[in-house]
Amino acid sequence: MVDFMRFIGVTKNALTAGPGKRLELFTKGCIRGVVSPCEGCFNQTTWTFEGKYRKLTINEIIEIIDRDAWNRQVTFCGGEPILQGRAIGKVAKELKKKDPTFHIVMYTMYKLDVLMKHGLNFYWSKERHQDAMLEQLKDYSASFEIKKTDAEGNPTLVKFEILTTDDVLELMRYIDIIVDGEYKHEQRLTIAKYMHDGGFIGSANQRVIFASETMTRQNKDNQFIYKYADEYMNEFNSSNHCKACGGSTQTEDYCSSLCENRYKKHLDESL
Ligand code: SF4
């Protein structure tokens, strides 16, 4: 079972990765980016599986998040975080155990309904893909099968089951919001129109799915609870926001005394 992750960086107090100021962790590697990148992707440095990265154990990731996410707002961005979804599920589960007020967001270009039905599967081919991708997918995947080899016995075609359907459900239990769907540049949420006070950057076709709420609320048809990203942002912009967690408030600066204390403590520590 995987007990580490690969990252290319982290940003503190990010204002474009969900509600509030968030600790944003950028995972390494995106199959889509390597094979056929989304037009206008802002994060090209995360695509490749080759080159530099920081490898952290699950415990190290939890320690870093616990130390640096002063308001408990955390986002996994990429790259394609869901390739490391089994490890993210573990991190999210442990964070929620430690402090249920952690609020966790994850982006993925894959559609969540398809993942729930089929898991995440991928064929790696020597002709088309990087060797580093092969090695890293071996680390992350639930299982893999070598389908073809060359004359020396090296794999040339490998089938990966990166996530099982159970892995997907486990992720959904502990991630508060999953933003799914590919980034479409022609539908991008512009900063001028949508990003007045932080929120999600992305495109209007992406869905902001309230994953853990979907899992806990026994809704009849197993329908997702979600909003399209532009709807979410229009609603977000129509309210006042808590200075700590970014949740909506009427006119107050904080949504709770807990958030007020966190904000004041953070200010004192930043002086
Ligand atoms: S937008 Fe996301 S999925 Fe698309 S190429 Fe960039 S990192 Fe990959």
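This is a short talk on helix packing, salt bridges, aromatic pairs and unusual backbone geometry in one structure. Keep in mind that the model is predicted.

Let's start with helix packing. Two packed helices are described by the angle between their axes and the distance between the axes. My pair is H3, residues 85-98, and H6, residues 165-174. Their axes come within 9 Å. They cross at roughly 35°. The crossing of H3 and H6 is left-handed.

Which residues meet there? From H3 we have Gly85, Arg86, Ile88, Gly89, Ala92, Lys93 and Lys96. From H6 we have Asp167, Glu170, Leu171 and Tyr174. By class, that contact holds five charged residues, four nonpolar and two polar.

Now one charged pair across those helices. Glu170 and Lys93 form a salt bridge, with 3.7 Å between the closest N and O atoms. Glu170 sits in helix H6 and Lys93 in helix H3. The two are 77 residues apart, so this bridge links distant parts of the chain. Are these two buried or exposed? Neither: Glu170 is partly exposed at 26% relative accessibility, and Lys93 is partly exposed at 31%.Stay on H3 for a second bridge. Glu94 forms a salt bridge with Lys97, and here the closest N and O atoms are 3.2 Å apart. What separates the two partners along the helix? About one helical turn, because Glu94 and Lys97 are three residues apart in H3. Glu94 is partly exposed, with a relative accessible area of 31%. Lys97 counts as exposed, at 58%.

Next, a salt bridge between strands. The side chains of Asp180 and Arg207 meet at 2.7 Å, N to O. Asp180 lies in strand S10, residues 177-180. Arg207 lies in strand S12, residues 207-210. The partners are 27 residues apart in sequence, so the bridge ties those parts together. Buried or exposed, this pair of Asp180 and Arg207? Asp180 is buried, with a relative accessible area of 0%. Arg207 is buried too, at 6%.

Salt bridges also join up through shared partners. One such network holds Asp66, Arg72, Lys98, Asp99 and Arg262. Hold on to Arg72; I will come back to that residue. How many salt bridges are there in the whole structure? The search finds 22.

On to the rings. Across the whole structure, the search finds eight aromatic pairs. Take Phe144 and Phe160. Their ring centres are 5.7 Å apart, and their planes stand at 45°, so the pair is tilted. Phe144 is in strand S8, residues 143-149. Phe160 is in strand S9, residues 155-163. The pair links distant parts of the chain, 16 residues apart. Now look at the accessibility. Phe144 is partly exposed, at 39%. Phe160 is buried, at 0%.

A second ring pair is Phe210 with Tyr232, also tilted. The centres are 6.4 Å apart, with 40° between the planes. Phe210 is in strand S12, and Tyr232 is in helix H9, residues 229-237. Here 22 residues separate the partners in the chain. Both Phe210 and Tyr232 are buried. Which rings join them in a cluster? Ring pairs link Tyr107, Phe200, Phe210, Tyr232 and Phe236.

Last topic: the backbone. Most residues other than glycine have a negative phi, and most peptide bonds are trans. I have three places to show against that background.

First, a peptide bond. The bond from Gly78 to Gly79 is cis, with omega near 0°. Where is Gly79? In the loop between strand S5, 73-77, and H3.

Next, Asn13. Asn13 is not a glycine, yet has a positive phi of about 55°. Asn13 is found in strand S1, residues 4-14. At 32% relative accessibility, Asn13 counts as partly exposed.

And back to Arg72. What is the phi of Arg72? The value is positive, about 70°, although Arg72 is not a glycine. Arg72 sits in the loop between helix H2, 58-68, and S5. Arg72 counts as buried, at 11%. Arg72 is also one of the residues in the salt-bridge network I mentioned.

To wrap up, three things to look at on screen. See H3 crossing H6, with Glu170 bridging to Lys93. See the buried bridge partners Asp180 and Arg207. And see the cis bond from Gly78 to Gly79.

How values were computed: Residues numbered from 1 in each chain as written. Predicted model: local features only at pLDDT ≥ 70, side-chain atom pairs only at ≥ 80, totals over all residues. Heavy atoms only, no water. Axes fitted to C-alpha atoms, helices over the stretch in contact; angles between N-to-C directions. Helix = DSSP H or I, 4+ residues; strand = E, 2+ residues; numbered from the N terminus. Left-handed = near helix turned anticlockwise from the far one by under 90°. Contact = heavy atoms within 4.5 Å. Nonpolar A, V, L, I, M, F, W, Y, C, P; charged D, E, K, R; others polar. Salt bridge = Lys/Arg side-chain N within 4 Å of Asp/Glu carboxyl O. Buried < 20%, exposed > 50% of the residue type's maximum accessible area, 1.4 Å probe, protein only. Phe/Tyr/Trp six-rings, centres within 6.5 Å; stacked < 30°, edge-to-face > 60°.
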